[in-house]
Each structure stands twice: as structure tokens, then as C-alpha cells.
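Colleague: Got a minute to go through this model with me? I'd like to start with a side-chain contact and then wander a bit.

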Amino acid sequence: MMKTLFLNPPSFDGFDGGAGARYQAKREIRSFWYPTWLAQPAALVPGSRLVDAPARDLSLAEVVALADDFELAVLHTSTPSFPSDVKVAEALKAANPKLMIGFVGAHVAVSPEASVLASDAVDFVARSEFDFSIKEIAEGQPLAEVDGVSYKVDGRAVHNPERAILHDMDQLPFVTPVYHRDLVPEDYFIGYLKHPYMSLYTGRGCKSRCTFCLWPQTIGGHTYRTRSPAHVVEEIALAKELFPQVKEFFFDDDTFTDNRPRAEEIARGLGRLGVTWSCNAKANVPYDTLKVLRDNGLRLLLVGYESGNQQILHNIKKGMRVEVARRFTEDCHKLGITIHGTFIVGLPGETRETIEETIRFATEINPHTIQVSLAAPYPGTFLYDQAVENGWLVHNGGDMVQGEGFQVSSLAYPHLTQEEIFEAVATFYKRFYFRPRKIADITLEMLQSWDMMKRRLREGVEFMHFLNAREIAS
Ligand code: SF4
């Protein structure tokens, strides 16, 4: 087995773009997802090491100092961070010319040729679902014999056949022992999750076809492929032992509630363990299922509402009706399930009026917290192709983040400028959070715990910095 380094490379300060982040950008407040997509192949390669440079605050020099200790380095990359990730690869190669370097992630799945030819330092890219490709390479199998890999021969890209998609998800070993060996849970913050939290997957893929959503269109696919409930519950039981300090487990499956009987079965197992947990959900889960989940430790749902305008939901193929989302939210409020709602401004069909409608919708349904993102046309998505076809792309779609790593709008419409879309994010946040009702909710939450008080105050300072930075930029 080659001595293998799995690396989330350093890039922008505080950049959450690693192997677990859906939107690769610096957040309004310090946030890091666990690098689960790297931990998974790391679990297949005995003796490997997983290094998450952004979460650990490791500099390029500190990462390069590791180069001599390894024979193979696997770097996770993304569209916004790709140029910087190539520089990291070049620095590693300069320090250890014998190091074989491969890139993984949705960006290389979409653009394998350009990615592998981007630099002499990149020896191969592993496309799509790369776990077993990396295992085979680490075992010493020649690149020419590894499915799902693109590599170079005499300066030209060679693309091996696609790797068969994995259906028996119980073949994937647990990631939590890798977290335990290599990561520090206290490094990982998500504003709406208890601290320290831990995230992992119980399945991959999403049956919905939202046009902007990167992962199902690149790596995960549109079938929800799942681990068995017993396998999931066994891992959480182990994690509970390994990490007694973890206050909440988060299932980062695209839509954990897509398979309701299974979600209920897992919930009952978690209920027996007595853990607090949260997950991603679509705003269409019926009351009875919500109740089973809540009765078995569910604390929070992360819900992608995207827009309060029905036509925009149709335009993006969300498969969701606004009134269903309203009823679902009322049910969650009744059951005491906390909601973190996510919204997107600048989707096809957006106007000044629909932005206003979505802000009103958000304040009416009143999730506990929200995240507002700019529509991000990632290469490989339907939205990207649509934007190219219609001439909506600005910055050539390349600059999805600005100098500090915050998102910038890559889309503009004849009736709605890039600047208006950009400014709408700060307006949305201000209108949502600077309401007496919301201020009272957050103050109450702070008064209930000293830890929460310290954390919300720190986040408040970061959030104001974010709003100020927006005002200066606009
Ligand atoms: S439901 Fe969520 S995860 Fe599934 S395609 Fe839509 S945005 Fe993506």
C-alpha cells in the first residue's frame, strides 16, 4: 500500500470549499463541514492520513513540509478553488518530485481533460465516485488499469472507462474512525448545529433534479443509494463512544427524508442510542414521519426552500409547491423541530418582485435561522448550460468567489443586474434577522446558555463584518 495523504488544500482564509461543502465559499460566519468525501477513501487505504488544512488553519508551508512523508497525495478540489489547488500540487511536487498527485471532486468529474492537463504536477484525476479508484491506485495498480481515472501519456490526456456506480453502500467502511485518527471535532463549526457536531453520510444521490444542484448531477446521481439502517446505527453507536464530546450528529445525505420508511427505521435506532441528530430534508415530509423522527432525537432539519415564488420553483425543477412548504414548516413548528432554511437569489426568472416575495415568504414561515446564497452555475449542472445558452453568465462563470473567498454573482439577466442580485443577499439577511421577533428569539437562545451566548456574539461580529464587506463591495 502506498503511503497516502488525503488533503483538503489550504486556499482562501476560512474557505469552506472542501470535501464536504456543497457551496464552495467563505461563509458569513466561520463554518466548516467535515471532509467526508476524502475520509471515505481514506477509510479504504490503511495507514493513510487525512489533513484538512482550512479547518486546522494550516499554511501552504506547513502542508508542503508533509510532502516527503508520502508516496501518493489525493487533493480534493472545486471550481472556485481549482487554480489555488493546482499551486498547492505544484508546491508539493517541487518538494517531493516522486510524489504521485491526484485530484478528486465534482470539478474534475466535469472537466477531466482540462484538469489533468492543467499542470505537470497533476498526475491523474479520479472522476465521479472515486473511492475505489483511489484504493486501487494506493494498492499499486497501474493508472491504465483503474476505471474512472484520467491521466497523462506523453502530455496527452487518456480517459479510462467509467467506474461502475456503487450500489451496495454497506461496502463503504465507517468514516468516523478516520475522523478519530486525523481530525479534531472542535475545529468544525456550523452556525445552526450544536458545537461540536459531526457530519457523515448514510447514502448518496438525490431523486430530485433541481437544475442548480451540483452533486446529484456530477457524482451522486439521481438514485438515492443507501446504507442499511443497521449499518448506520452501528456507526453512530461507535461514534458516540469515540467522541463523547459530540453534541449532535448531522446526516448530510442530499435528502435524508427521500426514503421515509428507512428514515423512520434509522430514527428508531438512534432513539434507542439516545443521541441528538439532524439532517437535510425536502419541505414535503408528512407530519406523521416528522413526529417519528422528532420522538427519536431529531432536533433540526436543513431545508432547501430556495424561493417563495412558485414559477421560480418550476423553473429550477424543484418539484415543490409553496403551500406544501408552508404546511410542512407549520408542522415542524408544532412539533418543536428547528429549521435552518436555505434560499437562493438570482435563479432563472428572478426579478425585483420575486426577491421581495421570497423575503416576505421567509419572514412569514420564519425558520429559526437562514442561509442566503447567490445562484451558482457550477459547470456540469443544467443551470450552467442554460446560463451559457442564454448569455446569463458574467465573469465567464469562472470567478465564483472574490478575493476573500466570499461568493460573487456569476449570473445577470437583462432585467436584473449582477449588482442587484449581489446586494439582495445582504438585504435579505437584514430584513430577516433585524426584526423584533427574530432578535427576541436569538436573545432568548443566548440567555439559555453561556456557551451559546459566546458563540452567537462571535458570530454576530463575523456577520456584521460580512455585511460591511458587502456594502463596501456594492
Ligand atoms: S432536493 Fe436538494 S439535494 Fe436534491 S437535487 Fe434538489 S437541491 Fe439538490
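Colleague: Which side chain does Ser78 make a polar contact with?

Modeller: Ser81, and the contact between the two side chains is 2.7 Å. Keep in mind that this is a predicted model.

Colleague: Where is Ser78, and is it buried or exposed?

Modeller: Ser78 sits in the loop between strand E5 (72–76) and helix H4 (82–95). Its relative accessible area is 3%, so with the cut-off for buried at under 20%, Ser78 is buried.

Colleague: OK, salt bridges. How many are there?

Modeller: The structure holds 22. One of them joins the side chains of Asp187 and Arg56, at 2.7 Å from N to O. Asp187 is in the loop between helix H8 (176–182) and strand E10 (197–200), while Arg56 is in helix H2 (residues 53–56), so this pair ties together parts 131 residues apart in sequence.

Colleague: And the accessibility of Asp187 and Arg56?

Modeller: Asp187 counts as buried at 11%, whereas Arg56 is partly exposed at 45%.

Colleague: What about Lys334, which partner does that one have?

Modeller: Lys334 forms a salt bridge with Asp331, with the closest N and O atoms 3.6 Å apart. Both residues are in helix H14 (residues 322–335), 3 residues apart, or about one turn of the helix. Lys334 is exposed, at 62% relative accessible area, but Asp331 is buried, at 10%.

Colleague: Which residues do salt bridges with shared partners join into one network?

Modeller: That would be Glu129, Asp131, Arg204 and Arg225.

Colleague: And how does Glu139 fit in, what does its side chain meet in a salt bridge?

Modeller: The side chain of Lys135, at 2.9 Å from N to O. Glu139 is partly exposed with a relative accessible area of 41%, and Lys135 is partly exposed as well, at 23%.

Colleague: Switching to pockets. What volume does the second largest pocket have?

Modeller: About 500 Å³. It has 20 lining residues, and the closest to the pocket centre are Lys194, His195, Ser449, Met452 and Arg455.

Colleague: Which elements give two or more residues to that lining?

Modeller: Strand E15 (298–306) and helix H19 (450–473). H19 gives the most, with 5 residues.

Colleague: How does the lining split by class?

Modeller: There are 5 nonpolar, 7 polar and 8 charged residues in the lining of that second largest pocket.

Colleague: You mentioned His195. Which residue does a cis peptide bond join it to?

Modeller: Pro196, with omega at about -5°. Pro196 is in the loop between H8 and E10, and Asp187 from the salt bridge with Arg56 is in that loop too.

Colleague: Any backbone oddities elsewhere? What is phi for Asp154 and for Asn366?

Modeller: Asp154 has phi near 50° and Asn366 has phi near 55°, each a positive value in a residue other than glycine. Asp154 is in the loop between strand E8 (149–153) and strand E9 (156–159). Asn366 is in the loop between helix H15 (352–365) and strand E17 (369–374).

Colleague: Buried or exposed, those two?

Modeller: Asp154 counts as exposed at 77% relative accessibility, while Asn366 is buried at 6%.

Colleague: Last one, the ligand. Which residues are around it?

Modeller: Cys206, Ser208, Cys210, Phe212, Cys213, Pro216, Asp254, Thr255 and Lys318. By class, that shell divides into 5 nonpolar, 2 polar and 2 charged residues.

Methods. Residues numbered from 1 in each chain as written. Predicted model: local features only at pLDDT ≥ 70, side-chain atom pairs only at ≥ 80, totals over all residues. Heavy atoms only, no water. Near = heavy atom within 4 Å. Nonpolar A, V, L, I, M, F, W, Y, C, P; charged D, E, K, R; others polar. Helix = DSSP H or I, 4+ residues; strand = E, 2+ residues; numbered from the N terminus. Buried < 20%, exposed > 50% of the residue type's maximum accessible area, 1.4 Å probe, protein only. Polar contact = N/O pair within 3.5 Å; in protein donor to acceptor, adjacent residues only side chain to side chain. 1 Å grid on protein atoms, 1.4 Å probe; cavity = no way out; pocket = protein on both sides within 12 Å on 5 of 7 lines; lining within 4 Å. Points joined across faces, edges and corners; volume = space filled by probe spheres on them. Salt bridge = Lys/Arg side-chain N within 4 Å of Asp/Glu carboxyl O.
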